[in-house]
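This briefing covers the symmetry, surface charge and salt bridges of a two-chain structure. Please keep the structure open while reading the points below.

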2 protein chains.
Amino acid sequence: MVPLAVSSLFNMRARFTLRPIQSLLSTRRTSVRHGGTIPPRAATFAKPGPDHVSSLRSLLSSSSSLLSTLDESATPEELDGYNQDWMNKYKGNGPIVVKPKSTEELSKVMRYCYDNNLAIVPQGGNTGLVGGSIPIHDEIIVSLANLNSVRSFDEVSGILVADAGVVLETADSFLAEKGFIFPLDLGAKGSCHIGGNVATNAGGLRLLRYGSLHGTVLGLEVVLPDGTIWNGLSALRKDNTGYDLKQLFIGSEGTIGIITAVSILCPRRPSAMNVAVFSLPTFEAVQEVFSEAKGRLGEILSAFEFFDKQCFDLVKRHSETAKNTFENESNFYCLIETSGSNAEHDEEKLSGLLEHVLSTGLVVDGVLAQDQTQFQRLWHLRESAAEAAGKTGSVYKYDVSVPLPKMYSLAEKMRARLRETGLLEGDGQPEGRIRALAAYGHCGDSNLHINIVADGYSAETEAAIEPYIYELVAAENGSISAEHGLGVMKAPHIGYSKSPESIELMRRIKGMFDPKGLLNPYKYIV
Amino acid sequence: MVPLAVSSLFNMRARFTLRPIQSLLSTRRTSVRHGGTIPPRAATFAKPGPDHVSSLRSLLSSSSSLLSTLDESATPEELDGYNQDWMNKYKGNGPIVVKPKSTEELSKVMRYCYDNNLAIVPQGGNTGLVGGSIPIHDEIIVSLANLNSVRSFDEVSGILVADAGVVLETADSFLAEKGFIFPLDLGAKGSCHIGGNVATNAGGLRLLRYGSLHGTVLGLEVVLPDGTIWNGLSALRKDNTGYDLKQLFIGSEGTIGIITAVSILCPRRPSAMNVAVFSLPTFEAVQEVFSEAKGRLGEILSAFEFFDKQCFDLVKRHSETAKNTFENESNFYCLIETSGSNAEHDEEKLSGLLEHVLSTGLVVDGVLAQDQTQFQRLWHLRESAAEAAGKTGSVYKYDVSVPLPKMYSLAEKMRARLRETGLLEGDGQPEGRIRALAAYGHCGDSNLHINIVADGYSAETEAAIEPYIYELVAAENGSISAEHGLGVMKAPHIGYSKSPESIELMRRIKGMFDPKGLLNPYKYIV
């Protein structure tokens, strides 16, 4: 690495202790919420019984592919990991878990369920935030974990074809060896499945650079509710022969079919990467630096993240080293990442930006990573926000999108509202029922994450937040779910972001694919 | 511009005469083909009459918004431009042209047509290649030409919201003034409409860099067949609240709704652009240079096009200056374009590539543009191929996608087939019934354009080409229409690229949106 002209202005003061966000998965809290908005069990669905278990078992090649309390092949505790989400916020009572080892096996299972009116919940890595991947009542849990092979990779085109159950990080490591990168990255990468990523249209950290899955996914293999295998596993970048059916499954949250394989276009892995973090006085300054970064870094800008003081305060509670990152802290922080093919060129461009933002006083202080370890430590400042919130209390998570200039005002208005109700006595103070409201997000996508950290989940607190927060978003024509999806949490609130005409069209699409409503019921469109 | 280290190796020998591809629009040929595959008029549709004309007229704010031979507000000749395509290959007999001035007017028109069983063909710039935008029988022609305003542009996010009838070049010029670029470029830009681009999922020259419209289009406003205005005109980059309905309209060729406005994400306009053209001995060399270009140019590579000797021969027939471009011609040519934010960096990267491909003998000769004029002239070598083919004879155009290593073999096999039938007596010789088979395309997208230039359109020639060419594509799991769409030309052949399950799903989607089948009938899915 060539030292930057301005590197002396930056120091890497802290020695951080890395703790990946995936460790959250083992940080279960005890309070379980069963909201009043969860619909009652549908009477049209058959109740799973021992006969169903033996019939389903006969369709599977391995006895380990079915776990059930009904034939005592599993204890209730052994099914807990499938029945509840990692936040312990949602919990169902599915007595049967099926883990097919091939698309054909899944097809037989779904055909059987269709013929016997058995409802199904598809489950990938179970890392979602809206209760979309666990049963609400006694749905059959279909785990994709045993469909986990890479099918093919073409080094000329960069097209990867892989089973739905391949873990995102595994796919990316496979690609790294070939000099390519998966065009999606997110905190849960160590656990989430690429099939689940596509089913939920995951956005993540580098959407700014690589675009949405609607652009990068080239094809899908899907088992439809009646067991039909739909082979749309194209490896073509251009194909204008009819409606682009795969698009309907991207972000459909398992309601019209179960994705079994994904064909996706993967870019070359950048040979040079840099990351810098700044402290800034105002959200206006964040926006100004973002605009400068887009202009000066152009095609090498790969992420532009921000977090607020309250968020950094949470991170510092659990990380001594984070405290020593900046000599001059401030109200906002932004993280800039570059990815390119020529380290010298990238550093020159970044250096130009750094000189500008420092000389104009746009930023208060800054830190630039000098090596791979520091690179990951700086990213950790931003990525550990969710983990730090989870360690501090029970977290109400909101994931919204409104135009960038209006984005942060949502957090401010929400904070004012909570102060008015007396629930938030002081920012970050542990005395209040709500301990903190922390905000972070992706400037490149106008995507804000609001984490409201409370003593526990309660109806009173929820009523203070919802639907107020959705009303704020609707007033700006925003999205009440930028990337987390609807699941069970936001299904009743879709009307804040979608018109009655849109919802009616969605109902018709659901009805066309799944006339019995067996796939992932009680969620998404209710 | 800093001179490149290797620039002395390259010369700009020719003075080209620019002739934009759009001039093709006025180059009408006389032979008109009415293929036997065009279905008969549907008896369920009402026959347009004078009463319909006066009723429709009453829904429109301006008398100039309706042209019809039925009330003598237009002569048959005046409707010719709406009834036939620019190649004069397809021609219909629509007696009524409606040009609404607002989405609301269009909604009223469509409601009236729906209630009165009148079939409709939507028409943008009428620049398509598969007969998708002209009536087959007497459908009402709905032109979007009067919906041509930019609605808004946000300079922070780069999000443009514009009416469907805005001409692509107009949109791009508007954006250029703001320092942004439309994320799509194609030869017909001077005439085609952005709504038509979205309705046909146009690909074009820089898909390699900016991705497909499925990724860049953020929202649409669409009038549904019954006149309902569907407002999906989101300006959000991330929104996971339900099925992504807009995706169904992208590439639907006006069969389930008429797009009236588009919201699209536009990148910053690159401040530096370079273009180089090489001659190469083999298609293997083309692929090797492509692989090198992806590695060495990385994020600044914005186009990688190729054309063959036969294509260049056609171009040279009509351009004295093209003849002097290379000292050493060869069997293949490739065009490389870079777009970046720092001219010096880009030239250094390109220079590294040029040195490599010259020193290793991968290329025979090369030309590098030194200024904007030369930039356009080099592009013209590739872009004028379609025009040169059209000047030489009647052109059978095929637009296919197969994996890159197999791509050129399609042209070779087709050429061999035509030689066997005796239709092609010698490459480029004017004696044969088929005068030339020229191939060019987009390596970045594995998209090959085969132009078969004949004395005229004839059933015998067509039978020699089709379905043989589609069978070749199907054998490689390719697409028989990479970017041109299905229209009337390829509708009967969709089975070569799509499974019966896919076609059945498409039929159900068509039926769901358009139960009377009034929108763009006889095409797409038949």
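A helix here is a DSSP run of H or I that spans at least four residues, and helices are numbered from the N terminus. By that numbering, B:Glu344 lies in helix α11 of chain B. The model is predicted.

**Negative patch**
- B:Glu344 belongs to a negative surface patch, together with A:Glu344, A:Glu348 and B:Glu348.
- Helix α11 (343-359) of chain A and helix α11 (343-359) of chain B each contribute at least two residues to the negative patch.

**Relation of the two chains**
- A turn of 180° with a shift of 0.0 Å along the axis lays chain B on chain A, at an RMSD of 0.0 Å.
- The two copies are therefore related as by a two-fold rotation axis.
- Both copies use the same surface, as 100% of the contact residues of chain B recur in chain A.
- Which residue of chain B comes closest to the rotation axis? That residue is B:Gly215, with its C-alpha at 2.0 Å.

**Salt bridges**
- Side chains of opposite charge can pair when their charged atoms come close.
- With a cut-off of 4 Å between the side-chain nitrogen and the carboxyl oxygen, the count over all chains is 55 salt bridges.
- One of these joins A:Asp239 and B:Lys498, with 3.2 Å between the closest N and O atoms.
- This pair crosses between chains: A:Asp239 sits in the loop between β8 (229-232) and α8 (246-249) of chain A, and B:Lys498 sits in the loop between α16 (468-475) and α17 (500-513) of chain B.

Note on methods. Residues are numbered from 1 along each chain as its sequence is written. Chains are lettered from A and ligands numbered from 1 in the order in which they are written. This is a predicted model: local features need pLDDT of at least 70, side-chain atom pairs count only at pLDDT 80 or more; totals for chains, interfaces and linings use all residues. Side-chain values use heavy atoms; hydrogens and water are left out. Copies are superposed by least squares on the C-alpha atoms of residues with pLDDT of at least 70 in both. Contact means heavy atoms within 4.5 Å. Patches are made of residues with over 30% relative accessible area and no salt bridge: like charges are joined within 9 Å, nonpolar side chains (Val, Leu, Ile, Met, Phe, Trp, Tyr) within 5 Å. Accessible areas come from the Shrake-Rupley method with a 1.4 Å probe; for residues, only the protein chains shown count as cover. Lys and Arg count as positive and Asp and Glu as negative; His and the chain ends are not counted. The place of a charge is taken as NZ of Lys, CZ of Arg, CG of Asp or CD of Glu.
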